[in-house]
Each structure stands twice: as structure tokens, then as C-alpha cells.
Amino acid sequence: MVSIGNYSQLLALFFSLAAIALLLAGIMKNDFRLILSGRRALVTIAFFTTTASIALVYLFLTNNFQVEYVASYSDRALPLFYKITAFWAGQKGSLLFWAWVLSLFSAIVAYNTRKEIDSKATPFIYTVLAATMVFFIALITFVTNPFDLLRFIPPDGKGLNPMLQNPGMIFHPPTLFLGYVGFTIPFAYAIAAMVSGDLDESWLKKIRVWNILAWVFLTIGIILGGQWAYVELGWGGYWAWDPVENASFIPWLVATAFIHTAIIQERRNIMKVWNMTLVLLTFVLCLFGTYLVRSGILQSVHDFGATGLGGYFLVFMGVVLIGGFSLIASNYHNLRSEKVLESYLSRESTFLFNNVILLALAFSTLFGTLFPLLSEAVTGNKITVSMPFFNRVNTPLFLALLLVTGLCPLIGWRKASADNLKKNFMLPFLMMITGMVVLIVAGIREFYPLVAFSLSIFVAVTILREFWTGTKARGKLKGEPLIIAFPRLLWKMRRRYGGFIAHLGLVLMVIGITASNAYKLENQATLTKGQALNIGAYSLRYDRIGKWHEWNREVYAATLSVFKNGVSLGTIKPEKRFYVNAEQPTTEVSLRSTLLEDLYVTMPAIGKNWEITLKVMVNPLLKWVWIGGFTMILGGLIAIIPGRKRRESSHDIL
């Protein structure tokens, strides 16, 4: 299997280079036979990367510890479930996973464009995809090969990092990579449009599904990463502005900006330069996220340490940036829009303000992430900025973004009239003021929570008003009862209302993030059997501690009786786990979660006489962070469901 893996990678690289050569020759000679051959070579790459991936999984399943990568991330005691997911646990496997997914996506693009082979842009799309695959496949073939062998056969492997033995890590890395890789497709279409001169909005329409699907995958990856941090790291939070967290969040912000301005270009044929720039930056920032994890330049609980790959990624990013901006500059005259914004009181303007805020968030996050490197370059000392900096800078920007999210549906296209503004703003504004008064009476008087909750009411009312007016209008027009009109409206105009659902998810996340940060409770104590720890309305009594063997670990679990306002809620069991081949034990969170609050319990230490140290938190409304996140994802998926005409006239996979 090692030989099969190595030869498959070599053949994948060969066909990548062959695809580029055939496509360029076909373009220069205007020979469709060569272009078709290049397309076939592009599809063939997927077969060999799939074969290499199957070979690597097989080596994990058969405990072939002579393979250095298998020995580093698996052992005999590792459960089967995690042996499969160890495929992407380290640098070498994750890069093979990247190349494999990109080859599959490229094959789908080749299939979907089979009837567009005579288009000027299509061969360039293939060429960009093949060139990107050359970079990644060359890395795993010559620089960081997952099939490299040790000079000896160890009796057992080092095992998978205990922190990665969590269900969240099964799906978090792959979905993150699906998002990163997915943005290669819009990038390829944008470059092809500029090289070929086909600069109308047709390329935007073709990549809309790819763009939103990549955004959905990246969103899923970020949400699952936050859940993993919450239940596995034991510090009680879900986002620490860690460099690797930021590395996925920054391209998400820029991609979100592109999704919004793409709508404006499709509708008004403006902001072409802006869109080309956003596509380019999104792709480069995805590469930057991959680079940051593998360069070792910044410390993170998520990174792979110094791997020696940073230089390769920097060169590749430099080539992409220089080439991309050169194409934008050379096409600037054709990209300039003849039309302009007619009024600052228009929906186009709110989209533009939305994008400015998103890019400001991306820049501030990037600046804070890279500040240690900048300070070291200037002063010689590496100064790290932490959560307070990011929260202080980004919180006002997030609140401004929330406000614009609410304003956008209330303002019409081109130019809004005074009567229109008065009519649309009255209800949301009055509800916001009423909600603010209620919040103040309820005791919420801190500035940021009060503003965040009040704006959330404003935006939620705006969105629900859109659903109500649309449903009511359809019911009147079609003679349908509201309960029938609503789902039919959602299905008929799923692109529009899918966006509103995503915005509603953002509101729910803001509510959860604000409450769980501003009003969390925390307490820590060391208890002997029979003693209790009190926090807020809760009381936790230490009853007993047990020990047992489970798979590849020894588990110590304390049983705590939980009471709230004197009423028994049952028991909760925080754990301490000692893994085979792991130097340090891990602390496992025990969680009692409701829609109102999370009771979050960890057991950092166990004493010689079985006394235990407990760290307990109460996080209000935190579950709404996850509910809001997956509501955003649902909205994105609804927005890209193809219509009936598309399905009848096309057999596109995406």
C-alpha cells in the first residue's frame, strides 16, 4: 500500500502537469482536441488522489507503524473511529486531504462545464485548478510525503493527541478544509474571466452555488471548532481569538462580503473591481490560514508547529497576489462600472457599508494576529495581544454590522423615499425602544449588552416583518391560508429568504455571545466527600469518585449531585482521563445545557485522599450560539437549492 500511495501521488502530479501543458497548447493553437485531452487529464487526477487517500486510510487501519505518519498519529489501542480520522490529524495527511478534495471539486467543475468547452474562459478555469493542484500535490510528493517510511518498525505508535479524540474533531477539520478548498473554484472562474475577457456577470452566476457552499462549509468548520474548544479545552469559552481560529475567521469575513457584493453586481452591474478583489483576497486568505497552521511563526493550541512549509506557502501566495492584482489592473478599464450609486439612502449603499465593516473586522483581526511578528520586527520583542484587544476593537464593529443588517431590508434599491423610510422603520424602531426599556427595567444597564440586545430586537423584528409581509401578500394573491402561503413563499423565493434566515441566525448568535460573556458566573473550590460548591442558584455536592478502564484510557469520574434553588436536578460527572502514550492527563467537561444556561463543570485535580478541585461556570444563553450558527448554515443551504427549471435543463452536480 505504501508503493500504491507513492505511485498514485506521482501519477496525480504527472496528470496535473499534463493537464496544464495540454490546456495551454490547446488555447494557443485553438485546438479543442487538446483542450478536451487536458480536461480528461484534470478528471484523472481525482482517481489517483482518491487511490492515495484510500491507501493512507488502509495503513492506519492495519497499524503499519513503519509509515512515519501512521506511527505519529495512531497506536494499537486507538479506537477504529479515530484511526480513520487520524488521516487528517497531522500536516501530511491534511495536505493530502486538501489535494484530494480539490481534485474532486475540479472533476465536478469539468463535468458541469462539459457543454461549455468552446467558451473562451473554460480552458483557463481548468488551467488555474490544475496549477493549484500542482502546488499541493508537489508538496505531498516531494516535501512532506505521508507515505515516508521509518528505518525501523516500532512496536507501537505514539497515538493520537487526546484533545483530538473528540467527536467534534471528526468533522471540524474536514469541513474547514472543504470551505478552504471550495473557494478555489470562484478564484479559478474570476481569473479565467479576466484572462479571457468575459467580464460580464455570467461568471458570478456560475460560481454562486460554489461560493455559498464553500461559505457554508467554512461556517460549519468554525462552529464545530468553537464547540470542540468549549467541551474539550476546559476553560469555559468557545472563542479565544487564537491565531489559528482567526486564520479561518478572516477569510470567512471576506467571503461574506463577496457574497453580498455579488448580489449588487448581478442586479445593478456595478462593483466589478470590488468583487474581483474580494475573490482574490478570499482565496489568498484561505492559503494564509493553511500557512499559519504549518509555519510555526505563531503559538497556538491548534497548530502543527514549525514544519518547514511556510516558505513554500509564502511564495505561492505571493505569486497568486501579484498575478491576481496584475490581472485586475490590466482589466481595470473593462471592470469599471458605468453606473454609480444613485443615493446613500439605498440598499446598494447598505451593502457597501456592510462590506466596509466586514473588511474592517478582517483587517483588525489580521492585524492583531500578526502583531507579535510586527512588534518583533520593529522592536526585537514579540508582543502578543489577547482577547481584551480583539474584544475592544471588534465589538463596536460587530454592533455596527448588526445595525446595517437590520437597515438593509428596510431601504429600497436605487433611492429610498422619505415615506418609504417612515413606513418601514416605524415598527422595528418602536419595538427596539420598547425592548430597550424592558431590558433596563430588568437590570441590564451595561452599555454593550444593552446595545447588543436592543439591536438584536431591531434586526429580528425587521426580518420577521419581511416574512410576515411576504406571506400575507402571497396569501392574498394566491388565495392561500397563511400556514400554506409561508412554506410556499420560502420555497419559491428561497434565495431571498434563505439570506434572511442566515441573518436571523446571526441575531441569535449575538444574543448568545453577549449573554454568555457579560453575565457568566465562575467559582472554584477543593471539596472532600459530602462538601458542596455554590454558584448562583446552583449547589453541587461531591458524593463519590469512581475509576474504570475504557478503550485506550483510564477514567476517574466524580459524581456530583446538582441542586438548583434547593430542587434536585440529578447528577453530573466531570472526568479526569489518563490516555495510553500520553504524558499528561486530560480534563473532561461535564455539561448540563438548557436554552437558558449551561452548567459547566471541570475537575482540574484529584488529591491523594480523593479530594477534588472543581471549576464551575454558569454560562447564560450559550446554547443560542450554536442554534444561531446552525440557523445561519440552514439559511445558506436553503439559498442554494436549485430551482425546477435548473434541474430540468441541466444535469450539473453543483
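In this predicted model, F48 counts as buried, since its relative accessibility is 14% and the cut-off for burial is under 20%. The residue just before it in name, F47, goes the other way: with 54% relative accessibility it counts as exposed, the bar for that being over 50%. F48 also turns up in the surroundings of S8. Leaving out residues up to four places away in sequence, S8 touches F48, along with T51 and A52. S8 itself sits in helix 1, which covers residues 2-29. With a relative accessible area of just 5%, S8 is buried too.

Now for the aromatic rings. A ring pair is described by how far apart the centres are and by the angle of the planes. The structure holds 44 aromatic pairs. F47 and F48 make one of them: their ring centres are 5.1 Å apart and the planes stand at 80°, so this pair is edge-to-face, given that the label applies to angles over 60 degrees. W239 and F249 pair up as well, with centres 5.6 Å apart and planes at 70°, so they are also edge-to-face. W239 belongs to the loop between helix 9 and helix 10 (243-268), while F249 belongs to helix 10, so the pair ties together parts 10 residues apart in sequence. Both W239 and F249 are buried. Elsewhere, ring pairs join up into a cluster whose members are F87, W88, F97, W98, W100, F135, F136, F177, Y180, F313 and F316.

F313 from that cluster comes up again in the nonpolar interior. The largest nonpolar core runs to 134 residues, and W203, M276 and F313 have the most contacts inside it. Helix 9 (residues 202-232) is the top contributor, giving 16 residues to this core. Domain 1 (1-160) and domain 3 (519-622) both supply residues as well, so the core lies between them. What does M276 contact, once its neighbours within four places in sequence are set aside? The list is A190, A193, M194, L199, W203, I328 and L335. W203 is thus named both as a contact of M276 and among the residues with the most contacts in the core. There is also a second, separate core, with 19 residues, including L455, L489, V507 and V510.

That leaves the strands. Four of them form an open sheet in the order 1-10-9-8, and the pairing is antiparallel. Strand 1 (521-527) and strand 8 are the edge strands, each pairing on one side only. From one strand to the next, the twist averages 15°. At the strand 8 end of the sheet, the pairing can be followed residue by residue. Strand 8 (residues 590-593) runs antiparallel to strand 9 (residues 597-606), and four bridges connect the two. They form a hairpin, with three residues between the strands. Across this hairpin, L591 stands opposite Y600 of strand 9, and S593 stands opposite D598 of strand 9.

Technical notes: Residues are numbered from 1 along each chain as its sequence is written. This is a predicted model: local features need pLDDT of at least 70, side-chain atom pairs count only at pLDDT 80 or more; totals for chains, interfaces and linings use all residues. Side-chain values use heavy atoms; hydrogens and water are left out. Two strands pair if DSSP finds at least two bridges between them. Axes are lines fitted to C-alpha atoms, for helices over the stretch in contact, and angles run from 0 to 180 degrees between N-to-C directions. A nonpolar core is a set of buried Ala, Val, Leu, Ile, Met, Phe, Trp, Tyr and Cys residues joined through side-chain atoms within 4.5 Å. Buried means under 20% relative accessible area, exposed over 50%, partly exposed in between (1.4 Å probe, protein chains only). Domain bounds come from an automatic or database domain assignment. Contact means heavy atoms within 4.5 Å. Rings of Phe, Tyr and Trp (its six-membered ring) pair if their centres lie within 6.5 Å; planes under 30 degrees apart count as stacked, over 60 as edge-to-face and the rest as tilted.
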